[in-house]
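Colleague: Could you walk me through this one? I would like to hear the reasoning behind each label.

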Amino acid sequence: MATKAPKSDIDETRVKVSEPKKVAVRVPAVLHALQIANEQMGVVRSIQTLAQVNQKDGFDCPGCAWPEEDKRHIAEFCENGAKAVAEEATRRTVGPAFFREHSIDELRGHDDWWLGQQGRLTHPMILDEGATHYRPVSWDDALRAVSDAIAAVDDPDETVFYTSGRTSNEAAFLYQLLVRGIGTNNLPDCSNMCHESSGSALTETIGIGKGTVSIEDVHDADLLIVAGQNPGTNHPRMLSALEKAKQRGARIIAVNPLPEAGLMRFENPQTPRGVAFGGTKIADRFVQIRSGGDQALFQAIGKHLFEVEERDGGVLDHDFIDAHTSGIDAYREAVARADWASLTEATGMPEAALREIGDEVRASKATIVCWAMGLTQHKHSVPMLRDIVNVLLLQGNIGRKGAGVCPVRGHSNVQGDRTVGIYEKPSEAFLEALDREFAFTAPREHGFDTVEAIRAMRDGRVRVFMGMGGNFVSATPDTAVVEAAMARVGLTVQVSTKLNRSHVVTGRRAIILPTLGRTDRDRRGDAEQRVTVEDSMGAVHASRGRLSPPSDDLLSEVAIVARLCGHLFAGGASPEHAPASHGGDPERGLPEYGKVEGEGGTPVAASNVPRADWAALETDYALIRSHIARVIPGFEDYEDRIRKGRTFFLPNGPRDERRFATADGKARFTANVLQYPVIPPGRLLLQTLRSHDQYNTTIYGKDDRYRGIHGGRRVVLVNADDIVERGFAEGEIVDIVSEWTRPDGSVEERRADEFRIVAYSTPRGNAAAYYPETNVLVPLDSVADVSGTPTSKSVIVRLERRAIASGA
């Protein structure tokens, strides 16, 4: 039987610090995962559930987006995947009685860990304006309240619809159709905060905003550079792929300000070597780079390759460059202008070490560069990633076996959501196809990304906010601004599986719509439904939950969105009373629908709404897939291709045929000015990061055992010499104050209170601390050029001693 939810928050005075680990996973990782699974699910449910994770006839892990091989292991999950499943499949529940017992003010006082540990939401709830408690509400009344609020806005752009990366392809496609049917492209998503810089750089240089490698390419690479990424915590199954690459002779270079256990040694608990023979050393070389210095590293590599080519020849792939690229001369001139003194200053590495890395790249026959948020959340992230592409293009490492770009995504379907239309800047080709399929005209004006949405809410320009999954309040930057912005919204709606901070920091009114999770059986109509997801490498496969839902009163995300579409676009009829088709296109079953009257607002225009049989879409997800297949290239024969657990790859021009959908039809070398953070005297450059017992804003436990942090989260990791130089002592409690210089020269400050200093191996001037606790320090307006991604890995801070000591 699962344990009860905790009654108190994390006690930060009980933090213990030990030496960081130098090896990842091992048998203790298995035991820790099973302990959490047992606490949440109980023994029998744990066994039943974990046996289905990432299996062809099971469900896709609700954690990361790392792909599976065609042949699956009996335990096809990692430690953090098991934790993610346990959190969702928990026996703990949060129903009407919970909300009667706990006021909204009390709930706001709890930390994110406590909120998440309470369990699964079971019933629609509404917080009336001025009320102290949520109260239960029927599904029909809840959805009517949402549709009335949407219909009442004066301008569709007064609505914002956020999406997390765990939403299925089917739900995401319906969701974007709902939003565009309302008349806006305000579709911010979690990509805006993580890999938007990747999409911006890759679309410009190779014509597609995705990676170009498969899992087999990772196995076959000659050299893998893993930069700004901690797979041991964030994508543990990636370690198995790196281990296989090592066994085939690959060399691996780890580039990171912090040494990460997973990239030192991997003891795979699923192999005899991992259990009994010391495992596998992963990184052949650890490059402890200064935070934000990665562009300089790749410019140094490019500079070195050009110099060796000029001296000895045989370095560059001239056939590939001549046939498939443009712009190499401008790129050559740009790296020639980058002097070695600046490159060593930016990276914190001597010229000789940079040249040694360049020699490893030169000697490689097939190179892959993998990266994550350590590279995407800086002001200069987009030029940084362009320079990675530049280095790969020099040796023809795009569209070659064992080579390419590998941005490693986080949430399990964040890439799929973007593929099926969750994007505030949709292409004209996509909108034209959508118009044809649903007999309406979608809006063309670009919508708000995440940061722009927060600004609009802050300025009182948003009347309805809806979140499809995720935890918007905790995931976004500048926490104080976000919380104040949410309070200005008339209605906030959260479609969620579990309680989180976005349910307690709300608009004037708030509605919680509880939904099925990835692990839950989804029975619609007379059949069990399945959904599909796209992994980090462009492969699509089916997922079908097997567990009985925690409540009979739950709807799937698909059903919630379909019913909202029915309310807004079909005369407000509920699915069981949906009108028969009349008029429209009889061959396609597209009816003519009447207008929906809001509460005194402008009705949704009947002359321009998407037309579909919403009731049918709710009960048969294959119909949604048939729509997707007609709208989005690459999904042809969708239903047949996912039968019997099969996986199919979406088209990828650079990978499949060295075809580049750029302005000139070629992969583009780019000339980028060298940029890197300059840290003022006495200050530190802070990066926010996850603990090991965490996935994005979901906190599974109180420990980060690989880094030696136990029992708490409010710690700041600082180089030991920096601690002494600034007059502090290890273990001292300080406030962290961020300093951001606005374009007009004024300086803004933000404060995060009571963090314990921990001496840690990090470059001088660099520091690290966990989010969401430190998101309050990230300025809303400090974003990456081009992509608009918050600069969460590049925050200038100072440490301040507290006036009253808070602990030792």
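**Talking through the model**

Modeller: Happy to, and bear in mind that the model is predicted. A helix pair is a good place to begin: Trp-139, Asp-140, Leu-143, Arg-144, Val-146, Ser-147 and Ile-150 of α7 are in contact with Ile-560, Arg-563, Leu-564, His-567 and Leu-568 of α26.

Colleague: What makes α7 and α26 oblique to each other?

Modeller: The axes of α7 (residues 139-151) and α26 (residues 557-569) cross at roughly 55 degrees and come within 9 Å. Roughly parallel would need an angle under 35 degrees, and roughly perpendicular one of 65 to 115. The pair fits neither, and α7 and α26 are therefore oblique. The crossing of α7 past α26 is right-handed.

Colleague: How do you know that Cys-190 is in no disulfide?

Modeller: A disulfide needs two cysteine sulfur atoms within 2.5 Å. For Cys-190 the nearest cysteine sulfur belongs to Cys-194, 5.2 Å away, so no disulfide is assigned. Cys-194 is in no disulfide either, its nearest cysteine sulfur being that of Cys-190. The structure holds 0 disulfides.

Colleague: And why are Cys-190 and Cys-194 called buried?

Modeller: Buried means under 20% relative accessible area. Cys-190 has 11% and Cys-194 has 16%, so both labels apply.

Colleague: What makes strand β7 mostly covered?

Modeller: In β7 (residues 159-163), 5 of its 5 residues are buried. Thr-159, Phe-161 and Thr-163 lie on one side, with Val-160 and Tyr-162 on the other.

Colleague: Which strand pairs with β7, and in what sense?

Modeller: β16 (residues 464-468) does, in the parallel sense over 5 bridges. There, Phe-161 stands opposite Met-466.

How values were computed:
Residues are numbered from 1 along each chain as its sequence is written. This is a predicted model: local features need pLDDT of at least 70, side-chain atom pairs count only at pLDDT 80 or more; totals for chains, interfaces and linings use all residues. Side-chain values use heavy atoms; hydrogens and water are left out. Buried means under 20% relative accessible area, exposed over 50%, partly exposed in between (1.4 Å probe, protein chains only). Helices (H or I, at least four residues) and strands (E, at least two) are DSSP runs, numbered from the N terminus. Two strands pair if DSSP finds at least two bridges between them. Axes are lines fitted to C-alpha atoms, for helices over the stretch in contact, and angles run from 0 to 180 degrees between N-to-C directions. Angles under 35 degrees count as roughly parallel, over 145 as roughly antiparallel, 65 to 115 as roughly perpendicular and the rest as oblique. A crossing is left-handed if the near helix is turned anticlockwise from the far one by less than a right angle, and right-handed if clockwise. Contact means heavy atoms within 4.5 Å.
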